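Biologist: I would like a close look at the charged side-chain pairs in this chain, and at the place where two of its domains touch. Please take one pair as the starting point and work outward from there.

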Amino acid sequence: MSENVYSPKLTLSDLYNDDVVYTSRPSYISNPWLKPDEHQSNFLTGRELLIANQFPVIVHEASVTSKLETLFKEVGKQIPPHIYQFRDQQTYESLIKKLAYENNKKLYFQYIHDDDVLEKSYYALNKDVFVALNNKARIPEWTDGKYLPKREIVPIESFKDAIKNWQYPFVIKPGDDLPTAGGYGVMICYNDHDLAEAQKRIEEATEATDQLIIEQKIEAVQNYCVQFAYSEDIGIQYLGTARQLTNDYGFYNGNENVDDVPQHVIDAGREIMSIGVSLGFFGVAGFDLLLDENNDVYAIDLNFRQNGSTSMLLLSDELTDGYHKFYSYFSDGDNNHFFNTILKYVKKGVLYPLSYYDGDWYGKNKVSSRFGCIWHGKDKASIQKLEKAFLEELKAK
C-alpha cells in the first residue's frame, strides 16, 4: 500500500507516557500575534477528545456538557473519562500547578505558558526545544536550508527601510518565539493598503517583538498540511495530509482530506520531522507545505504541535469513504436552534461531531455556542450542497 493513502489507527495515548496531561488551551496571557477570544480558547480544549483515548486532557466545563454527550452518542462515542475540568483562569492555572507540583505530572502544551504558570522542568516536551521548533525565523534550521521561499529577517526598527526593497506580493510574519495560530500572525500584502494595515499591527507589537520576517509570497497550486507523529515506541509515523483552505490573506477556513499527495511532498515533511525528533521532539506535528506550478515544495510554516485537522486524519476510518472536511461553526445567538440544527445533520450521518462549546453553560444565550466537526460523504459536491442547506437552516429561525 503506498504511503500517501495509509491512515494508521493511532490515538494520543500511544504517544505519551502515563504521567503526562495535555492542554490545548492558549495561555490566558495573550501576545500581539495571538489574541484569541476567551471562549474560542476554551472551545479549543475539546478538540482532541475523540483521539485522546486514555490520554488525560484538560477541558473547559462548557466543552463537556450534556450537549456534547448527546452528539457523541449519535456516533457511538462517549466523553472520555480521563479529563480534568476548569472554569476560568484561576481554576485553570491552579489545576496545572496542582497536577505538576502535587501529583507529579508533566504537562504537554499546545501553546507555551509563562514560567509563573508552570516551571519549565514540568513540561513533558522540553520547553526550549518546543519554542525553538515553532519559531518561524528558525525554519531554515529545521528544513536543513531547503524548501525556502526568498526571505529576509530584519530587526523590527529596520522594517520600514527594508520593505522598500521588496515587490508585491510578499508576506510579513513575526520572527520570534511568540506563538501564532490560524493565520492570525501572518500578513499578506498585495498593495500599499495591505502594507499600511500591516504596519499598524507591527507598531502595536513593537514592545513584544524584536524581529520580523519578510517572505516572498509563493503562488501555490496546492497548500498542504502534512502530518506525522513520533514516540520512541512507534518511531516516525506518517498520519496523512490535509489540504488547507485559506482565503487570499492566509486566514484559515478549514481543511479537506486529500490522498493524491505527491511523494516528494511527504518526503520533505518526513525530513523536517526527523530533524525535529533529533532535537528531542515527540508527539504530533503538521507542516504547511506549498507546491507551486513547477512542482517545487516550499515550507511556509512548521507547526510542531497538533493541528485542527489532526482528528480528521486519525478518525478517517470512522467516516464515510470519500470526501472529508474539518471546520467549526459559531451560533449567531440562538444556541438552542444552533444545537438542534447540528443534531439533525449528525443524525443524517454526514456531520461528525468533535467538540461542542455550550454557550448556555453561562446562562441562556449569554454566550454563542461553537461546534467543531467533520463533514463526510461520498464526494465534495454532495457535501457542499449539504453544508449550504445547513447554513441556510442555521439562519432560518
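Which side chain meets that of Lys77 in a salt bridge, and what is the N to O distance?

Modeller: The model is predicted. The partner of Lys77 is Glu318, and their side chains meet in a salt bridge with an N to O distance of 3.2 Å. Lys77 is in the loop between helix H3 (66–74) and strand S3 (83–86), while Glu318 is in the loop between H10 and strand S14 (323–330); the two are 241 residues apart in sequence, so the salt bridge ties together distant parts of the chain. Lys77 has a relative accessibility of 24% and is therefore partly exposed. Glu318, with a relative accessible area of 32%, is also classed as partly exposed.

This pair is one of several, since the count of salt bridges comes to 21. Another joins Lys127 and Asp115, whose closest N and O atoms are 2.6 Å apart. Lys127 belongs to helix H5 (residues 127–133) and Asp115 to the loop between strand S4 (106–109) and H5, with their positions 12 residues apart in the sequence. The two ends of this bridge fall in separate accessibility classes. Lys127 is at 9% relative accessibility, so Lys127 counts as buried, the cut-off for that class being under 20%. Asp115 has a relative accessible area of 48% and is therefore partly exposed.

A third pair is Asp301 and Lys136, whose side chains meet in a salt bridge at 2.9 Å, N to O. Asp301 is in strand S13 (residues 297–303) and Lys136 is in the loop between H5 and helix H6 (139–142); they are 165 residues apart in sequence, so this pair too ties together separate parts of the chain. Both Asp301 and Lys136 are buried.

Salt bridges can also share partners, and Arg151, Lys173 and Glu215 are joined in this way into one network. Glu215 is in strand S8 (residues 211–216). With a relative accessible area of 2%, Glu215 is therefore buried. The side chain of Glu215 makes a polar contact of 3.2 Å with the side chain of Arg151, and a second polar contact, of 2.9 Å, joins the side chains of Glu215 and Lys173. Apart from neighbours within four places in sequence, the residues in contact with Glu215 are Pro149, Lys150, Arg151, Trp166, Phe170, Val171, Lys173 and Ile300.

For a buried polar side chain without a charge, take Thr23, which lies in strand S1 (residues 20–23). Its relative accessibility is 0%, so Thr23 counts as buried. The side chain of Thr23 makes a polar contact of 2.9 Å with the side chain of Tyr92. Tyr92 is also among the residues that Thr23 touches beyond four places in sequence, the others being Ile58, Leu107, Tyr108, Phe109 and Gln110.

That leaves the place where two domains touch. The domain assignment divides the chain into domain 1 (12–126), domain 2 (151–216), domain 3 (219–311) and domain 4 (313–395). The C-alpha centres of domain 3 and domain 4 are 25 Å apart. Their contact involves 16 residues from domain 3 and 12 residues from domain 4. The size of an interface is often expressed as the accessible area that is lost when the parts come together. For domain 3 and domain 4 the buried area is about 1,100 Å², with 55% of it on carbon and sulfur atoms. Within the area that domain 3 buries against domain 4, Glu256, Asn257 and Ser311 account for 44%, more than any other three residues.

The interface of domain 3 and domain 4 is crossed by one salt bridge. Glu256 appears again in a salt bridge with Lys380, where the closest N and O atoms are 3.1 Å apart. Between domain 3 and domain 4 there are 11 residue pairs in polar contact. On the side of domain 3 that touches domain 4, two or more residues each come from strand S10 (235–246), strand S11 (252–257) and helix H10 (310–314). S11 gives the most to this side of domain 3, with six residues. By class, the side of domain 3 that touches domain 4 has 11 polar residues, four nonpolar and one charged.

Notes:
Residues numbered from 1 in each chain as written. Predicted model: local features only at pLDDT ≥ 70, side-chain atom pairs only at ≥ 80, totals over all residues. Heavy atoms only, no water. Domains from an automatic or database assignment. Contact = heavy atoms within 4.5 Å. Buried area = accessible area lost by both parts, 1.4 Å probe. Salt bridge = Lys/Arg side-chain N within 4 Å of Asp/Glu carboxyl O. Polar contact = N/O pair within 3.5 Å; in protein donor to acceptor, adjacent residues only side chain to side chain. Helix = DSSP H or I, 4+ residues; strand = E, 2+ residues; numbered from the N terminus. Nonpolar A, V, L, I, M, F, W, Y, C, P; charged D, E, K, R; others polar. Buried < 20%, exposed > 50% of the residue type's maximum accessible area, 1.4 Å probe, protein only.
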